Amino acid sequence: MFDLKMYINGEWIDSKTKNKRDIYNPATGEVIAQAAEGTVEDAQEAIKVAKEAFESGIWSDVPAAERATYLYKIADKIDENAEELARLETMDNGKPLREARFDMADAANCFRYYAGLITKPEGVTYQVSDPAQALVVKEPVGVCGLIVPWNYPMLMSVWKIAPALAAGNTIVYKPSEVTPVTPTKLFEIIEEVGIPKGVANMVMGPGATVGNEIAESKDVDLVSFTGGTKTGRSIMKAAAGNIKKLSLELGGKSPNIIFADADFEVAVDYALFGIFCGTGQVCAAGSRILVEESIYDKFVDRFVERAKKIKVGPGDDPNTEMGPLVSQEHMEKVLRYIELGKQEGAKLVCGGNRITENGLDKGYFVEPTVFVDVTNDMKIVQDEIFGPVVVIQKFKDEQEAIQFANATDYGLAGAVFTVDGAKALRVIKKVRAGITWINMYHNTYNEAPWGGYKQSGIGRALGTYGLDTYQETKQININLQVEPIRWFSN
């Protein structure tokens, strides 16, 4: 069993109360770790240390090329320990090992991307009307509060930590209280490569207390949060005290639009991947499949046929294609939504039950679940369920497809499947979402921005946009004709 401590000012410490939280393996229900249960006071200490470190210049004054060397070393260490990290991620989160291995590779590559990017900043100069020169430079924001979810414990951490450190900030990081194992290992790597004390700090604990303190503190200059929209609203309110910068990647109920002329098997394959990868616990999951009416019945039959064959089991089983939900509490929430769907009049054509056979009774396993005959006013169509539950809707034409696609409060992701390139581009431009695909789903790249419209968030992660999040833009004006301005007569 792991004894997980917080990392503040270069020291591994327990919380001030010495309280611990049990961490469970979602495939077995067994306790695999005990994590320090941080408090508001612990968060305040981490913030104080991060502020002092930033103001000292111990990191922000280090040349970008030198900061980059640390990031490259972190990437190398992730690669060196990739198999161990993947197995810990699977134990902690439940995802199949093949998914966890992809996450570790992506995490290392993300550090390398920002290590390379920070050494290539683009300055701007302007020719202005006065005998002067106007310059624009980028500077670190300051103390960054980074709050990550449980669905990608390692990768979501890296998406925030890598650009924040690359830009010269100091950080106060809070992992999910449900999945702190691999984040702890990441901070062991951060310590091992020699990041100066106080620059990177990790405090554990509940979002309602520790997370709120990070969001509310006037000594935190930016808060970056990935998670549910309800929590995002709370963070916005808490952050208003000092008008801190915000980056919020929130919920989604993303449409996957499939036209009759699409490559049928490709569309089915990506639709399955879009919802059941990650057990549906993915913010960008294609949880609403919109199918043109002429192929609707054929599509449903084929989709259900394949969904029933998905191999569900523990993530460390090499045959597993879909793992458990992350916790007992979350499993119960997903099962409540399935019951609600039945009550609302939707037709259940696949799954809908907890899996207890074949030794899975101690874990948090739910069958791949498919509803049809749904309407836009149903909660299973409108709400983010965050599980292996999908609704399949029928549409008549382009206009109705676009109408249905945009008929929720969310705008994170969306996709279009068709062989007609003009139609694909025409429709995708009308989908009110920040991350979109044509004839594919879920592919994510460090080079491209990630974020949503509407209630799916504010700002963007990844790419140059992700670095901009953690930087301030400063205007510098240089007088080239130094003499009195003579504005006043005396």
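The following dialogue examines how several descriptions of this predicted model are justified.

Colleague: Why is the pair of Y7 and W12 called tilted?

Modeller: The ring centres of Y7 and W12 lie 4.7 Å apart, and rings pair if their centres lie within 6.5 Å. Their planes stand at 50°, and planes under 30 degrees apart count as stacked, over 60 as edge-to-face and the rest as tilted. The pair is therefore tilted. By this rule the count comes to 13 aromatic pairs.

Colleague: How do you know whether Y7 is buried or exposed?

Modeller: The relative accessibility of Y7 is 4%, and buried means under 20%. Y7 therefore counts as buried. W12 has a relative accessible area of 26%, which lies between the limits of 20% and 50%, so W12 is partly exposed. Y7 and W12 also belong to one aromatic cluster with Y173 and F187.

Colleague: What makes Y270 and F417 an aromatic pair, and of which kind?

Modeller: Their centres are 5.9 Å apart, and the limit for a pair is 6.5 Å. The angle between the planes is 40°, neither under 30 nor over 60 degrees, so the pair is tilted.

Colleague: Why is the pair of Y270 and F417 said to tie parts together?

Modeller: Y270 belongs to helix α9 (residues 264-276), whereas F417 belongs to strand β19 (residues 413-417). The pair therefore ties together parts that are 147 residues apart in sequence. Y270 is partly exposed at 25% relative accessible area, while F417 is buried at 1%.

Colleague: How do you know that the charged end of K423 sits over the ring of F259?

Modeller: The charged end of K423 is 4.4 Å from the centre of that ring, and the distance limit is 6 Å. K73 likewise lies over the face of Y70, at 5.7 Å from the ring centre.

Colleague: Why are β1 and β4 called edge strands in the open sheet with the order β1-β5-β4?

Modeller: β1 (2-4) and β4 (20-24) each have a single partner strand, so one side of each is left without a neighbour in the sheet. The sheet has 3 strands with mixed pairing, and its twist averages 25° from one strand to the next.

Colleague: What makes β4 and β5 a pair of strands?

Modeller: Two strands pair if at least two bridges are found between them, and 5 bridges join β4 to strand β5 (residues 31-36). The two strands run antiparallel. One of the bridges sets R21 against A35 in β5. Helix α3 (residues 82-93) packs on this sheet and touches β1, β4 and β5; the direction of α3 makes about 100° with that of β4.

Colleague: What makes the phi value of F386 noteworthy?

Modeller: Phi of F386 is near 65°, a positive value in a residue other than glycine. F386 is found in the loop between α12 (379-382) and β17 (389-395). With a relative accessible area of 14%, below the limit of 20%, F386 is buried. H442 also has a positive phi, of about 80°, although it is not a glycine. H442 lies in the loop between β20 (435-438) and β21 (453-454), and its 12% relative accessible area makes it buried.

Colleague: Why is strand β11 called mostly covered?

Modeller: In β11 (residues 222-226), 5 of its 5 residues are buried. L222, S224 and T226 point one way and V223 and F225 the other way. In a regular strand the side chains alternate between the two faces of the sheet.

Colleague: How do you know which strands pair with β11?

Modeller: Strand β8 (residues 143-147) pairs with β11 in the parallel sense over 4 bridges, and C144 stands opposite L222. Strand β12 (residues 245-249) also pairs with β11 in the parallel sense, over 5 bridges, and V223 has L246 as its bridge partner in β12. The chain crosses from β11 through helix α8 (residues 229-239) to β12, and this β-α-β crossover is right-handed.

Technical notes:
Residues numbered from 1 in each chain as written. Predicted model: local features only at pLDDT ≥ 70, side-chain atom pairs only at ≥ 80, totals over all residues. Heavy atoms only, no water. Phe/Tyr/Trp six-rings, centres within 6.5 Å; stacked < 30°, edge-to-face > 60°. Buried < 20%, exposed > 50% of the residue type's maximum accessible area, 1.4 Å probe, protein only. Lys NZ or Arg CZ within 6 Å of the ring centre and 35° of its normal. Axes fitted to C-alpha atoms, helices over the stretch in contact; angles between N-to-C directions. Contact = heavy atoms within 4.5 Å. Right-handed = clockwise from strand over helix to strand, strands pointing away.
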